[in-house]
Amino acid sequence: SVEKEAPGGGADGDDSLYPIAVLIDELRNEDVQLRLNSIKKLSTIALALGVERTRTELLPFLTDTIYDEDEVLLALAEQLGNFTMLVGGPEYVHCLLDSVRLLAVEACVSIATLLPQEDLETLVMPTLRQAAEDKSWRVRYMVADKFSELQKAVGPEITKNDLVPAFQNLLKDCEAEVRAAAANKVKEFCENLPEDSRETIIMTHILPCVKELVSDTNQHVKSALASVIMGLSTILGKDNTVEHLLPLFLAQLKDECPEVRLNIISNLDCVNEVIGIRQLSQSLLPAIVELAEDAKWRVRLAIIEYMPLLAGQLGVEFFDEKLNTLCMAWLIDHVYAIREAATCNLMKLVEKFGAEWAQNTIVPKVLGMANDPNYLHRMTTLFCINSLSEACGQEITTKQMLPVVLKMSNDQVANVRFNVAKSLQKIGPVLDSSALQTEVKPVLEKLATDTDMDVKYFAQEAISVLALA
């Protein structure tokens, strides 16, 4: 094939167009960076050529010359998306749309908003349909990524007839990136559907695709879906949510990917608004309890980490009724990492629900463990006191916690005794000076003469840190 003459090029070309010839050479250059730079200057070329020559020379030249890396096509699409005026305004838009595949998506959005509704079908939709099925996944990704904007630009009728099937295909795309981009748009797309047919479209066309994505092989896809799927409950209402969405939430709550579980747990509040706490607790709570008691300690750990979030979403009464016992059970888990996380969890819960709540529900249970025959559980009492004292404040610490710590200084296990010294050092700053002098100091002095090396060491350290020497 004869190579197309570059606009403004050639020996007899107009001298004022010389820079254009240079740019055109750059567009053919081996170096991707150079090609990208020249594309960024395209609007300058178009201005110099004028609308007529841009349409008749520049665009056909670009279309014929650039079969290129996706990156270059993307840059070109971006430039051409702003080209409407440079080709002579909306009525000449068709020559833009013919010019570059990837331009399609960017341009369809900006052009569709300028065109009257009756021209969309003939001018924009053919290009859009092609882009949604393009062989390059980046083009399809771009369509998925801009889907909500496209939907607003083309209006309800075209959305119903064209975008719904296109969206279904994107949700089933063979590339995970495209599926994830589409999954991210599920809630927005459904929200913007025409109200009279919204529920029917979702239930018939969208939900079946969503169900498949819940068990997608790619975790980014599942995670993208989990971050928006709860929002469907507000759109579909109580009955549909209970019947069709809850089973999906349950499946995602049990997903092996932590991000998927977190996305579900952190969006529970919008489902709660639709179906109410009772229904939610009957359906999702057993799954949470199951995870909380899972044989794999890492699974238990993950649920503990979500607990403060969950507590905040479900409120204090629900928490006390359903989740409090779980949180206490973790304190005596046989894995140290779980006991540690459970202690930290209590502190976050007290920060959320307040000291008075702690005094009534948490503190008595924690202190009760001080008499446990298992010394590891007795030590957990000390660890809890360490992390709770600040959140509970001076009064509770002095009146309820301190006496228990002091009493434990007589424990027969050295490990417990040196942790008493560490605890006194930790809660010291919360106590007032008279408690420090009259109660804490004598006990630390006694521990400083202990037969066990470690106990001595930590007692002496506490004395010096608290300046009690």
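What volume does the largest pocket have? It comes to about 170 Å³, and there is more on its walls below. What you're looking at is a predicted model, so take a glance at the confidence notes too. The protein chain is built with 26 helices and zero strands. Of its 469 residues, 54% are buried.

**How far to trust it**

- Across the protein chain the pLDDT averages 86, and 90% of the residues score at least 70.
- Helix H10 (residues 176-184) has the highest confidence, at 97, while helix H5 (residues 93-99) has the lowest, at a mean of 64.
- Go easy on residues 9-13: pLDDT stays under 50 there, and the model has two contacts for them beyond four places in sequence.

**How the chain folds back on itself**

- Take the contacts between residues at least 6 apart in sequence: 68% of them join residues at least 24 apart.
- For one pair to look up, try Gly 354 and Cys 392, which sit 38 residues apart in sequence, with 7.6 Å from C-alpha to C-alpha.
- Gly 354 itself belongs to the loop between H20 and H21.
- Is Gly 354 buried or exposed? Neither, quite: its relative accessibility is 24%, so Gly 354 counts as partly exposed, given that buried means under 20% and exposed means over 50%.

**The largest pocket**

- Lining this pocket are Tyr 336, Arg 339, Glu 340, Thr 343, Cys 344, Thr 380, Phe 383, Asn 386 and Ser 387.
- H20 and helix H22 (375-392) each supply at least two residues of that lining.
- H20 gives the most, with five residues.
- By character, the pocket lining splits into three nonpolar, four polar and two charged residues.

**The cavity**

- The structure holds one cavity of 30 Å³ or more.
- About 40 Å³ of space lies inside the largest cavity.
- Its lining is made up of Leu 268, Leu 280, Ser 281, Leu 284, Leu 285, Ile 288, Leu 314 and Phe 318.
- Both H16 and H17 supply at least two residues of the cavity lining, and H16 has the largest share, with three.
- Seven of the cavity-lining residues are nonpolar, one is polar and none is charged.

**Helix H19, the bent one**

- Helix H19 covers residues 316-330, and at Leu 323 it bends by about 60°.
- Leu 323 is also among the buried residues of H19, along with Phe 318, Phe 319, Asn 324, Leu 326, Cys 327, Met 328 and Trp 330.
- Phe 318 turns up in two places: it is buried in H19, and it also helps line the largest cavity.
- Which helices do the buried residues of H19 pack against? The partners are helix H16 (268-283), helix H17 (285-292), helix H18 (297-314), helix H20 (336-353) and helix H21 (355-368).
- H16 and H17, two of those partners, are also the helices that each supply at least two residues to the cavity lining.

**Helix H13, the covered one**

- Helix H13 (residues 219-229) is mostly covered, with eight of its 11 residues buried.
- Those buried residues are Val 221, Lys 222, Ser 223, Ala 224, Leu 225, Ala 226, Val 228 and Ile 229.
- The cover over them includes H10, helix H11 (186-191), helix H12 (198-214), helix H14 (232-253) and helix H15 (258-265).
- H10, part of that cover, is the helix where confidence is highest.

Key
Residues numbered from 1 in each chain as written. Predicted model: local features only at pLDDT ≥ 70, side-chain atom pairs only at ≥ 80, totals over all residues. Heavy atoms only, no water. Bend = angle between axes of the 7 residues up to and from the residue. Helix = DSSP H or I, 4+ residues; strand = E, 2+ residues; numbered from the N terminus. Buried < 20%, exposed > 50% of the residue type's maximum accessible area, 1.4 Å probe, protein only. Contact = heavy atoms within 4.5 Å. pLDDT = per-residue confidence, 0-100. 1 Å grid on protein atoms, 1.4 Å probe; cavity = no way out; pocket = protein on both sides within 12 Å on 5 of 7 lines; lining within 4 Å. Points joined across faces, edges and corners; volume = space filled by probe spheres on them. Nonpolar A, V, L, I, M, F, W, Y, C, P; charged D, E, K, R; others polar.
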